Amino acid sequence: MTQGPSTDRGERSYHEPVLASEVAEVFKPLPVGVVVDATFGGGGHTRRLMDEMREGTRFIGIDRDPDALAHSDLAGHPDVTVLQGNFADLGRLLDEAGVPAPVGVLFDLGVSSHQLDEAGRGFSYHREGPIDMRMGPDAELSAAEIVNRWDRGELAAVIRRYGEERYANRIADAIVANRPIETTTQLAEVVAQAVPAAARRKGHPARRTFQALRIAVNQELEALRSGLDQAIEVLAPGGRCAVISYHSLEDRIVKRRFALGAGGCVCPPDLPVCVCGEAAELRILTRRPIEPSPEEIERNPRARSARLRAAEKLERRAS
Ligand SMILES: C[S@@+](CC[C@H](N)C(=O)[O-])C[C@H]1O[C@@H](n2cnc3c(N)ncnc32)[C@H](O)[C@@H]1O
């Protein structure tokens, strides 16, 4: 878990932005316009982009978590507008706020260090708290409901699918046998006891299960698919979209969406001739995902699994 550097006020920072220089490199060539930080968090990336992009650039910060926006000292800045909402509704949020086509959209997925550090949010297997994991008020169910109410088969399926956890069946059995499970640390212990000893040596044994529950509670993959589609749709021609993902399920969605956009024709492969008339809508800027340097990982271990992909929107032409 990240323990960010101290701020000028001597407090621990809200969140240290990951791959910040690399993100700035993607956005620096853009003309003056609007940049959307769709996962505003502590505003770390926005702050860095304000320093590095052309004067006159305006920033829209979106976060699902009202607590993130309430903590930000950028909220009252004349160049920054913050909007509370889910980036799955990106198009509507920007439309309602009267925002013109942005020149840049950034997604820095997952949870912030601040959210992880707040035991009461229930995201951390290291900190005792309720099993909540809701990123914002729009999430309908808490992780406790999944853990204590879902039947064994559904539970195992979620842990397998969203945690890519090979011991999903054993973990689901153990959870059901130990109900009710009240706290994050109790849950972490139940999971740790369910996996074979050898698996306990490879990182924390509850990491994958907690990831799975968080993804399910917040419908993170659905939000990513929808948010990415809308970002590409609303971007101005020549505008850029950058996404930092933290696990393979997210990265695969981003990689495929960018590849689809760069590939032109979207007809089903079994059609003998193209009927869609679509030209490529994107140019991929990162053939391979950009990874953090060893120095960044040393400074900020949370950056370890980060992968940055970026693409540029092309003028649409009928083929
Ligand atoms: C990794 S943090 C971003 C940190 C930020 N880049 C910074 O430098 O401070 C991810 C943030 O995105 C928010 N978030 C995650 N999924 C979201 C969604 N679907 N819609 C809006 N915000 C989301 C989380 O609440 C969290 O504050």
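Is Arg214 buried or exposed? In this predicted model, Arg214 is buried, with a relative accessible area of 14%. That value falls below the 20% under which a residue is called buried. Arg214 belongs to helix α11, and a good way into the structure is to look at what surrounds this residue. Leaving aside residues up to four places away in sequence, Arg214 is in contact with Gly110, Val111, Phe123, Met133, Met135, Glu220 and Glu250.

One of these contacts, Glu220, is also a charge partner. Side chains of opposite charge can pair when their charged atoms come close. The side chains of Arg214 and Glu220 form a salt bridge, with an N to O distance of 2.8 Å. Glu220 is buried as well, at a relative accessible area of 9%. Both ends of this salt bridge are thus covered, Arg214 at 14% and Glu220 at 9%.

This pair has company, for the model contains 20 salt bridges. Another of them joins the side chains of Arg309 and Asp251, at 2.7 Å from N to O. Here the partners come from distant parts of the chain: Arg309 sits in strand β7 (residues 307–313), whereas Asp251 sits in helix α13 (residues 248–262), and the two are 58 residues apart. Arg309 and Asp251 are both buried.

Helix α13 also provides Arg257, which forms a salt bridge with Glu281, the closest N and O atoms lying 3.0 Å apart. Because Glu281 lies in the loop between α13 and β6 (282–284) while Arg257 is in helix α13, this pair ties together parts that are 24 residues apart in sequence. Once more, the two partners are buried: Glu281 has a relative accessibility of 13%, and Arg257 has one of 14%.

Salt bridges can also be followed from residue to residue. Glu25, Lys28, Arg48 and Glu52 are linked in a network of such bridges.

The surface offers another view of charge. A patch of positive charge is found there, made up of Arg166, Arg170, Arg200, Arg201, Lys202, Arg207 and Arg208. Within this group, Lys202 is located in the loop between α10 (197–200) and α11 (207–218). Lys202 counts as exposed because its relative accessibility is 67%, and the cut-off for exposed residues is over 50%. Helix α11, which follows that loop, is the helix that holds Arg214. A reader tracing the chain can therefore go from the exposed Lys202 to the buried Arg214.

Technical notes. Residues are numbered from 1 along each chain as its sequence is written. This is a predicted model: local features need pLDDT of at least 70, side-chain atom pairs count only at pLDDT 80 or more; totals for chains, interfaces and linings use all residues. Side-chain values use heavy atoms; hydrogens and water are left out. A salt bridge is a side-chain nitrogen of Lys or Arg within 4 Å of a carboxyl oxygen of Asp or Glu. Buried means under 20% relative accessible area, exposed over 50%, partly exposed in between (1.4 Å probe, protein chains only). Helices (H or I, at least four residues) and strands (E, at least two) are DSSP runs, numbered from the N terminus. Patches are made of residues with over 30% relative accessible area and no salt bridge: like charges are joined within 9 Å, nonpolar side chains (Val, Leu, Ile, Met, Phe, Trp, Tyr) within 5 Å. Accessible areas come from the Shrake-Rupley method with a 1.4 Å probe; for residues, only the protein chains shown count as cover. Lys and Arg count as positive and Asp and Glu as negative; His and the chain ends are not counted. The place of a charge is taken as NZ of Lys, CZ of Arg, CG of Asp or CD of Glu. Contact means heavy atoms within 4.5 Å.
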